[in-house]
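Got your viewer open and a selection box ready? Let's walk through this one a piece at a time.

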Amino acid sequence: MDESTTPAKTGKKAAKPQYIKLDCPQSSSDIPGASQKAPIKLVSWNVNGLRAAAKKGFVEFFEQVDADIFAIQETKLQEGQVVVEAPGYHQYWSSAERKGYSGTAVFSRKEPLQVLHGLGVEELDHEGRICALEFDDFWFVDVYTPNSQDGLKRLDHRMMWDDVFRAFVGELAVHKGVVVCGDMNVAHEEIDLKNPASNRGNAGFSDEEREKFSQLLDSGFTDTFRAANPDLTGAYSWWSYRFHARDNNAGWRIDYFLTSPSLEQHWTQPVIYSDVSGSDHCPVGLTLR
């Protein structure tokens with residue numbers, strides 16, 4: 001959600017890369033999710049800085065959840081700043097040109113057919129917000145949607161992003177199923193945040209952003225968690241660091257798993273891992289059958 005505007009610290013000498021070791025099963029020809037009969041476990045997490053999250057439970061959760069595909073957003077990394085050892089996983093990273101900002105990454109047990117790192121629009125492809133992997137039967141799109149920021153000062157950019165992104169995933173869906181996951185920086189309906197009245201018109205709950213999300217769903221995509229839990233209240237994935245928001249569960253649901261129409265009968269078990277800390281967001285998950 002936040003997208004801190006604090007400049008990254010700089011120095012004359014490049015810092016040594018941070019080393020992150022994940023104790024994962026070695027890959028094999030019989031990897032989970034490789035056959036059509038095996039369920040594929042998907043997890044997404046805005047880590048709000050991977051280097052910080054690695055010291056606050058990211059490693060332990062990654063190992064415990066044992067996902068077939070694990071997507072992260074807001075890595076805040078440039079190439080060479082971390083070295084992640086994750087045996088059994090292929091790694092794909094999209095970084096922002098600006099240091100210490102944005103960024104996405106995907107860890108996948110199965111090697112994809114191809115990987116896309118942008119939407120194909122120059123104005124929108126400098127912040128590492130897309131990491132899209134094509135597999136035999138579906139596309140997996142990890143996205144970190146731009147925040148409109150205080151006073152909606154970046155709303156025009158956000159509106160352009162939403163339109164181009166909708167066209168992007170729509171085109172992918174013409175050819176095969178599409179799973180979209182990530183921090184989409186919008187609470188769609190009043191049920192998706194604790195205090196809708198006081199936040200109406202703010203970034204993430206403006207009429208414009210909510211309408212664009214409605215258009216994405218109207219184009220055929222399903223908000224899997226809400227489809228499975230149409231009336232569930234108090235289910236959030238982001239909490240401000242201020243005012244003890246997480247202790248009071250004064251949160252927003254802005255992290256999603258969406259699926260295209262051809263996958264309608266193939267997803268199950270949408271979950272919000274609300275007890276997992278380490279970021280101002282918690283992980284979310286989905287299983288493909």
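**Start with the sheet**

Select S7, S8, S9, S10, S14 and S11, in that order: these six strands form an open sheet with mixed pairing. The edges are S7 and S11 (222-223), each paired on one side only. Two strands count as paired if DSSP finds at least two bridges between them; strands are DSSP E runs of at least two residues and helices H or I runs of at least four, numbered from the N terminus.

Before going on, some ground rules. This is a predicted model, in which local features need pLDDT of at least 70 and side-chain atom pairs count only at pLDDT 80 or more, while totals for chains, interfaces and linings use all residues. Residues are numbered from 1 along each chain as its sequence is written, and side-chain values use heavy atoms, with hydrogens and water left out.

**Next: S9 and its neighbours**

Pick residues 138-144, strand S9: seven of its seven residues are buried (under 20% relative accessible area with a 1.4 Å probe, protein chains only; exposed is over 50%, partly exposed in between). Phe138, Phe140, Asp142 and Tyr144 point one way, and Trp139, Val141 and Val143 the other.

Now add S8 (residues 130-134), which pairs antiparallel with S9 over five bridges; look for Ile130 opposite its bridge partner Val143. A three-residue hairpin joins S8 to S9. On to S10 (residues 177-183), parallel to S9 over seven bridges, with Trp139 bridged to Val178. Then step from S10 to S14, an antiparallel pair with five bridges; Asp183 has Asp255 as its partner there.

**Then the helices**

Show H3 (residues 155-175), which makes a right-handed β-α-β unit with S9 and S10. Right-handed means that, with the strands pointing away from you, the path from the first strand over the helix to the second runs clockwise. H3 lies across S7, S8, S9 and S10, at about 165 degrees to S9. Its buried residues include Trp161, Phe165 and Phe168.

Over S11 and S14, find H5, residues 207-218. H5 runs at about 25 degrees to S14.

**Last stop: colour by confidence**

Colour by pLDDT, the predictor's confidence in each residue from 0 to 100. The protein averages 93, and 91% of residues reach 70 or more. Which stretches stay under 50? Residues 5-10 do, and so do residues 27-34. Where pLDDT is low, the predicted coordinates should not be read in detail.

Notes
Contact means heavy atoms within 4.5 Å. Axes are lines fitted to C-alpha atoms, for helices over the stretch in contact, and angles run from 0 to 180 degrees between N-to-C directions.
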